[in-house]
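Colleague: I'm new to this one and don't want the grand tour. Could you pick a single part, look at it closely, and then show me how other places in the chain compare with it in kind?

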Amino acid sequence: MLDVFMARRMQGHRTMKYPDGPLPELSARFAGLPVVGQGICPPDCGRCADACPTNAVTCVPRLSVDLGKCLFCRECVSACQEGILTFSRDHRMAASRREDLIVGAEGFKAAGSLEEARRKLFGKSLKLRQVSAGGCNACEADTNVLGTLAWDLGRFGIQFVASPRHADGILVTGPVPENMREALLKTWAAVPEPRVAIVVGSCAISGGPYAGLPEVHNGATGFIPVDLLVPGCPPHPLTILDGLLRLIGRIS
């Protein structure tokens, strides 16, 4: 036991200071918020839309990217010879409404906080029950990272609990296959009101690469009233944390 204490003393304080301090370092491969430039696409081009595996890119009537469908594979960028469509390093991609996830040349509207009544209740203590509704465990893994020493989600009063009856809301991942539909609805019904609902990852928002298949229900947005949508495949832990902090009014 003494060896453990000595090791911790030598390691020092390892929790990042974000959001009051600098951002954690992002990988060179990180793809953030898409940027739609002001250039004009050639007539009848559509190469970026044709390259997208989930139909997230639309060229008509104007170029836009649906973050709720986007897998951040950047095939569209490779196909865009004019360089009009690029991906930034901006991690702030969570939104409050499904329609806000559609990014065009006019920019992006980030998530806002809960209304005053729920913000007062959950602003300093938010307990969530995580529901893996057919996810591949990528979104689940990046959500779990927030519980490590470096991120320490609990310092913001946000914690995951085992029972929905002890929760203030649910956090859903996965495209919601038929075998998880009833489990999701029962979990949501077991959370006492007032409550919140968060969906993380393109699968939970739109079905992701599984959208349209008869085995899935294209995410959770058709079953529960969603307060926060966090896009990505999977979202970076920083994107998830940013969305959660915006939801409780910790940042704006």
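**A close look at helix 8 and its surroundings**

Modeller: Let me clear one whole-structure item first: a search of everything turns up 1 aromatic pair. Bear in mind that this is a predicted model.

Now to the part I'd pick, helix 8. How many of its residues are buried? The count is 11 of the 11, so helix 8 is largely enclosed by the rest of the structure. The cut-off behind that word is under 20% relative accessible area. If you want to follow along on the model, the buried residues run from Pro237 and Leu238 through Thr239, Ile240, Leu241, Asp242, Gly243, Leu244 and Leu245 to Arg246 and Leu247. Notice that the charged residues Asp242 and Arg246 are on that buried list too.

What do these residues pack against? Their partners are helix 5 along with four strands: strand 6, strand 7 (158-160), strand 9 (196-200) and strand 10. After helix 8 comes Gly249, with a positive phi near 80 degrees.

Step back to the other side, and you reach the loop between strand 10 (228-230) and helix 8 (237-247), where Pro234 is found. The peptide bond leading into Pro234 from Cys233 is cis, and its omega is near -5 degrees. Most peptide bonds are trans, which is worth keeping in mind as you look at that spot.

Pro234 also takes us to the largest pocket, which holds about 310 Å³ of space. Its lining is made up of 15 residues, and those nearest the centre are Arg29, Phe30, Ala31, Pro234 and His236. Sorted by class, the lining has 8 nonpolar, 4 polar and 3 charged residues.

How does the second largest pocket look? Among the 17 residues lining the second largest pocket, Cys41, Cys59, Pro61, Arg62 and Leu63 are closest to its centre. The volume of the second largest pocket is about 240 Å³. The classes in that lining come to 10 nonpolar, 4 polar and 3 charged.

Right after Leu63 in the numbering comes Ser64, which is in strand 3 (residues 64-66). Ser64 has 14% relative accessibility, so it counts as buried. Beyond its neighbours within four places in sequence, Ser64 is in contact with Ala56, Val57 and Thr58, and also with Ile102, Val103 and Gly104.

For another cis bond, go to Tyr18 and Pro19, which are joined with an omega of about 10 degrees. Pro19 is in the loop between helix 1 (2-11) and strand 1 (34-36).

Gly249 was a glycine with a positive phi, but you can find positive values on other residue types as well. Arg74 isn't a glycine, yet its phi is about 70 degrees. Arg74 is in the loop between strand 3 and helix 3 (75-79), and its 31% relative accessibility makes it partly exposed. Asn137, not a glycine either, has a phi of about 85 degrees. You'll find Asn137 in the loop between strand 6 (126-132) and helix 5 (138-144), and both of those elements pack against the buried residues of helix 8.

Finally, there's a side chain to zoom in on. Over the ring of Trp188 sits the charged end of Arg195, 4.1 Å from the ring's centre.

Key
Residues numbered from 1 in each chain as written. Heavy atoms only, no water. Phe/Tyr/Trp six-rings, centres within 6.5 Å; stacked < 30°, edge-to-face > 60°. Lys NZ or Arg CZ within 6 Å of the ring centre and 35° of its normal. 1 Å grid on protein atoms, 1.4 Å probe; cavity = no way out; pocket = protein on both sides within 12 Å on 5 of 7 lines; lining within 4 Å. Points joined across faces, edges and corners; volume = space filled by probe spheres on them. Helix = DSSP H or I, 4+ residues; strand = E, 2+ residues; numbered from the N terminus. Buried < 20%, exposed > 50% of the residue type's maximum accessible area, 1.4 Å probe, protein only. Contact = heavy atoms within 4.5 Å.
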